[in-house]
Amino acid sequence: MIALLATRLVQLVPTLIATSALMFFILSLGPSPTAHLQEFGNLSGEEIAKIAHEHGWDRPLPQQYLSWLGDYFRGNWGQSVRTLTPAAELILDRLPLTISIAAISLFLSVGIGVPLGAYVAVRRYQRVDYVTTFITLALMAMPAFFLALILQLFAVQLRSWTGGVVFYTSGIPDGGSIVEWFQRLALPVLALTLTHIAAWVRYQRGELLNVLGQEYVKCARAKGLPEKVVFLRHAMRNAILPIVTLIAIDMGKLLAGAVVVEAVFGLPGIGTLLIDSVTGRDTVVALDILMLVAVTMVVANTVADLIYGLLDPRVRVA
Amino acid sequence: MSAAQPANPAAMLSTFNAGAASQAATVAQGGMARGSVPRPAVAAEQIQSEARGPFGEFVLNFREHRAAWISTWILLAMVAICLVLPYALPSPEALDAKLLDARAPGTGGHLLGTDTIGRDVLSRLVHAGRISLLIGLMVAVFAATIGALVGITAGYFGGKVDQVLMWIVNVLLTIPSLPLLIALSSVASSDSGAAAKIFKSVPPEWRIIVIMSVLGWMAISRVVRSQVISLRQQEFVEAAIALGGSHVRVMFVHILPNTVSVLAVFTTLTVSTAILSESTLSFLGLGVTLPTATWGNMLNDARDVFIVVQYWWLAWFPALAILVTVLCVNFIGDGMRDAFDPKARR
């Protein structure tokens, strides 16, 4: 276990360096930071060159990357060119909202999706299985933003039926009561959950069917163990192991999904900040967000590997 | 990565992502196909299958997968409509505006109505279909090409080459693709900078195709690699090497044709992922830019829920087009998986 921990931690370093370099170079292909200044038109070419020199924008790219990386890990995340405030402040300000949406959705999709997948796996080729299959397939074929739009339509309809606001279709959950917080976030969370739950149901169904076909399950049945024990102790126990790894993978998808859901519901989270920065040419903030997402994912994958190692001795031989 | 790992993360990832339809369609056709055809004796079946050849066998198995077979026809019909109908319809840019209002479906000679500035929705839908389907198809082809090249190189040479290539694949797969797509797409469509120079004269749909292909090949390379590793052990490959076949010859003449089953299935599933990603990007305003219509950016016009409440046809028709296309493509991928490997279907 110690050996696994050590290897994974050592592997973390080159991965993080490669990821950060990739992000940095992708964004450096875009407009230079001075493009913003040229647009105002009230600065001469020399003045712009001077500003560029002060910030080190005229240095070779690898050098810029190294100094940016150093700054990044020292916690100096640069300044937004749109708001002229520290980028870290902007991001940390919006982070709680995105994290709460994503975390609740993850909790719900695993909490409902996994048992549901197991339930239909046991009832394979029965009506409930066909219906679930049909719904999950449709959910997976639907663009996430359209699902969100349908939920908004539902909220509007609900409003005309009840005559009052039940769920909000957009807006900021600032302060307010817990009831209002729920009214504002229920639909975004539902939209995100619905787009993710399908994958969990399908995965769990397939995995459980796979395990149920294994020799040791047949053996357990042949021994005369009650079906309940076979299911819980032998099948389920092995079928839910990979969930640890899948949670890490799904976190990335949830973050991506949050971008879409926030855009549709007009929520001020990391996703909308990313879109605003990207369209507003705020490279500094965009890069910081991409880095944050990438680092989160790299770390999450490593942690998942380690937990898997703890749970399943077969993986420990790293 | 250890060999003792019980659940291969690569396989898991692909089931989790693309295998959506995998067991699903098996269910959809479940009991229907089986039992309806009387099973001939084994020997007779073998003789028959030899007479049919591998392709004939594939087609026969594929047709047994009812959902996939129907999907194929629906998709072909959609492609035909998108190719032919634009010639019979008014230009998607022609304006037939009622002041501050959109025509409802069926009024004023517009079968699916007009949008808020008076453009015919049906005409835009079929023009957009051309672009959306083109994007899906091209991304799949390019991603499959890159993925196959990387996968076969890694699997064939093994060792250091394999380690390095698969490390790159892992790193790229770790980063969620949508944020990366958003960044790349905005960089490529900006008006200055290095990327802008490259993409300046490229039509917007091809810009998106290039970006999505560059980020879409990793899953394919993984499945091809694992297939190649097992093929590499087989006698016909050793024979080809012993007979003095060059690396390139063995890789592309002897090994690659044998990966066609996984390659075809994953390429098909990439079509649906690409169509969905394009629609998401265009919906966010970062994909294909106007005046080129795609199903995604048609939905961008219907971003506001209150527009959709009033003019439902602006959102529902393009959304339905995406839904049907993606469902059909997924079913086809699934049918192909079963048809290539009839034994795996249970």
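**Exercise 1. Determine what share of chain B is buried, and describe the make-up of the chain.**

Solution. Of the 346 residues in chain B of this predicted model, 48% count as buried. The secondary structure of chain B consists of 16 helices and 0 strands. Turning to contacts in chain B between residues at least 6 apart in sequence, 72% of them link residues at least 24 apart.

**Exercise 2. Check whether the end-to-end distance of helix α5 of chain B agrees or disagrees with its number of residues.**

Solution. Step one is the count: α5(B) covers residues 121-157, which gives 37 residues. Step two is the expected span: at 1.5 Å a residue, taken over one less than the number of residues, the helix should span 54 Å. Step three is the comparison: the end C-alpha atoms of α5(B) are 53 Å apart, which agrees with the expected span.

The surroundings of the helix complete the description. α5(B) is mostly covered, with 26 of its 37 residues buried. Gly158(B) follows the helix and has a positive phi, near 60°.

**Exercise 3. Repeat the check for helix α13 of chain B.**

Solution. α13(B) comprises the 24 residues 260-283. At 1.5 Å a residue the expected span is 34 Å, and the end C-alpha atoms lie 34 Å apart, so the two values agree. This helix is also mostly covered, since 21 of its 24 residues are buried. Just after α13(B), Gly285(B) adopts a positive phi of about 85°.

**Exercise 4. Classify the packing of helices α4 and α5 of chain B, and state which residues meet.**

Solution. Begin with the geometry: the axes of α4(B), residues 66-88, and α5(B) come within 8 Å and cross at roughly 125°. That angle makes α4(B) oblique to α5(B). The handedness comes next: α4(B) passes α5(B) in a left-handed crossing. Last come the residues. On the α4(B) side, Met78(B), Val79(B), Ile81(B), Cys82(B), Leu85(B) and Pro86(B) take part. They meet Val126(B), His127(B), Gly129(B), Arg130(B) and Leu133(B) in α5(B).

**Exercise 5. Decide whether Leu243 of chain B is buried or exposed, and locate it.**

Solution. Leu243(B) sits in the loop between α11 (235-242) and α12 (247-255) of chain B. A residue counts as exposed if 12 or fewer other C-beta atoms lie within 10 Å of its own. Leu243(B) has 9 C-beta neighbours inside 10 Å and therefore counts as exposed. As a further point of reference, Leu243(B) and Glu57(B) are separated by 186 residues in sequence and by 31 Å in space, C-alpha to C-alpha.

**Exercise 6. Summarise the overall organisation of chain A.**

Solution. Chain A contains 13 helices and 0 strands. Its C-alpha atoms fill a box of roughly 85 × 65 × 35 Å along the principal axes. The chain is divided into domain 1 (2-73) and domain 2 (94-279), and 36 Å separate the centres of these domains, taken over C-alpha atoms. Buried residues account for 41% of the 318 residues in chain A. Among contacts in chain A between residues at least 6 apart in sequence, 72% join residues at least 24 apart.

**Exercise 7. Describe the backbone and the exposure of Tyr125 of chain A.**

Solution. Tyr125(A) is found in the loop between α5 (87-122) and α6 of chain A. Although Tyr125(A) is not a glycine, its phi is positive, at about 65°. With 11 C-beta neighbours inside 10 Å, this residue counts as exposed.

**Exercise 8. Classify the packing of helices α6 and α8 of chain A.**

Solution. α6(A), residues 127-141, and α8(A), residues 178-212, pack at an angle of about 130° with their axes 9 Å apart. The two helices are therefore oblique to each other. α6(A) passes α8(A) in a left-handed crossing. Among the residues of α6(A) that meet α8(A) are Thr132(A) and Leu139(A); their counterparts in α8(A) include Leu194(A), Ala198(A) and Arg202(A).

**Exercise 9. Analyse the packing of α12 of chain A with α7 of chain B.**

Solution. α12(A), residues 270-279, and α7(B), residues 177-189, pack at about 15°, with their axes 10 Å apart. This angle makes α12(A) roughly parallel to α7(B). α12(A) passes α7(B) in a right-handed crossing. The contact is formed by Leu274(A), Ile275(A), Val278(A) and Thr279(A) of α12(A), together with Pro179(B), Ile182(B), Ala183(B) and Ser186(B) of α7(B).

Note on methods: Residues numbered from 1 in each chain as written. Chains lettered and ligands numbered in written order. Predicted model: local features only at pLDDT ≥ 70, side-chain atom pairs only at ≥ 80, totals over all residues. Helix = DSSP H or I, 4+ residues; strand = E, 2+ residues; numbered from the N terminus. Buried ≥ 20, exposed ≤ 12 C-beta atoms within 10 Å, placed from the backbone. Domains from an automatic or database assignment. Axes fitted to C-alpha atoms, helices over the stretch in contact; angles between N-to-C directions. Parallel < 35°, antiparallel > 145°, perpendicular 65-115°, else oblique. Left-handed = near helix turned anticlockwise from the far one by under 90°. Contact = placed C-beta atoms within 7 Å.
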